[in-house]
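Reader: I'd like a close look at one part of this model, the surroundings of a single buried side chain, and then how the pieces around it fit together. Could you walk me through that in one go?

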Amino acid sequence: MIAIAALAVSVGCKKKAVDPLPPSGAVAGWEKSGDTRVYEAKDLWQYIDGDAEQYIAAGVVSASTSDYKYQGQLEATVDVYTMSSADGARTILQKGQTKEAQTVQLGDAGLAYAQSVTFRKGAALVRITAYEAAPNAQIALLALAHGVEAKL
């Protein structure tokens, strides 16, 4: 009887995965467009086919992604890649850096482009991409990035 109770407690106490993405309204002007989708490393190719290998080589554990809309106009996707170590997040951030990048204060290191923001914090790599150019898009993307950073 005690063994059954112990089993029930251990099963009931399993840690639920925390969604690293902010809910609608958590960042001013941004609404989450749907549920967070999660891809384990072995299934990452289903999400980023052709680019998954570099993430796997860098130690990706999983990727969480969701779509957002800013003030009903600017659409963006937020990807949070959970790596096995901070070195993996650093590797991917550095590989993706181009000369157009502007350094921004986000997490441990951040880069901003005209339509995207990428940063790393610990073992997490975050990529936020807007699908169209818009006035003040970079300011809006940075606000969303700070909202994600606060959840990591």
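**Around Phe 119**

Author: Setting aside neighbours within four places in sequence, Phe 119 touches Leu 93, Leu 106, Gly 107, Ala 109, Gly 110, Ala 124, Leu 125, Val 126, Ala 145, Val 148, Glu 149 and Leu 152. Bear in mind that this is a predicted model. Phe 119 sits in strand β7, residues 116-121, and with a relative accessible area of 0% it counts as buried. For a sense of distance, Gln 105 is 14 residues away from Phe 119 in sequence, and the two C-alpha atoms are 8.9 Å apart.

Now take the helix. Helix α4 covers residues 137-151, and Ala 145, Val 148 and Glu 149, which are in contact with Phe 119, are among the buried residues of α4. Others on that buried list include Ala 137, Ala 140, Leu 141, Leu 142, Leu 144 and Gly 147. The cover over the buried residues of α4 includes β1, β3, β4, β5, β7 and β8, so β7, the strand that holds Phe 119, is part of it. As a geometry check, 15 residues at 1.5 Å each should give a span of 21 Å, and the end C-alpha atoms of α4 are 22 Å apart, which agrees.

Next, two of the strands that help cover the helix, β4 and β8. Strand β4 runs over residues 74-83, and eight of its 10 residues are buried, so the rest of the structure largely encloses it. On one pairing, β4 meets β3 (residues 60-70) in the antiparallel sense through 10 bridges, with Tyr 81 of β4 as the bridge partner of Ala 63. Those two strands make a hairpin with three residues between them, and Gln 71 in the turn has a positive phi of about 50°. In another pairing, β4 joins β8 (residues 124-130), again antiparallel, over seven bridges. There, Asp 79 has Arg 127 in β8 as its bridge partner. Ala 124, Leu 125 and Val 126, all contacts of Phe 119, fall within the residue range of β8.

β3 and β1 also cover the helix, and they bring in some aromatics. The structure holds four aromatic pairs. In one of them, Trp 30 and Tyr 68 have ring centres 6.5 Å apart and planes at 80°, so the pair is edge-to-face. Trp 30 belongs to strand β1 and Tyr 68 to strand β3, so this pair ties together parts 38 residues apart in sequence. Both of these residues are buried. Trp 30 also pairs with Tyr 70, this time tilted, at 5.0 Å centre to centre and 45° between the planes. Since Tyr 70 is in β3 as well, that pair ties β1 to β3 across 40 residues of sequence. Trp 30 has 1% relative accessibility and counts as buried, whereas Tyr 70, at 21%, counts as partly exposed; the cut-off for buried is under 20%. Together, ring pairs link Trp 30, Tyr 68 and Tyr 70 into a cluster.

Finally, the whole chain. It has four helices and eight strands, in the order α-β-β-α-β-β-α-β-β-β-β-α along the sequence. Of its 152 residues, 38% are buried. Among contacts between residues at least 6 apart in sequence, 57% join residues at least 24 apart. As for the surface, the chain exposes about 8600 Å², with carbon and sulfur atoms supplying 55% of it.

Conventions: Residues numbered from 1 in each chain as written. Predicted model: local features only at pLDDT ≥ 70, side-chain atom pairs only at ≥ 80, totals over all residues. Heavy atoms only, no water. Buried < 20%, exposed > 50% of the residue type's maximum accessible area, 1.4 Å probe, protein only. Pairing = 2+ DSSP bridges. Contact = heavy atoms within 4.5 Å. Areas by Shrake-Rupley, 256 points an atom, 1.4 Å probe, with all protein chains shown as cover. Expected span 1.5 Å × (residues − 1). Phe/Tyr/Trp six-rings, centres within 6.5 Å; stacked < 30°, edge-to-face > 60°.
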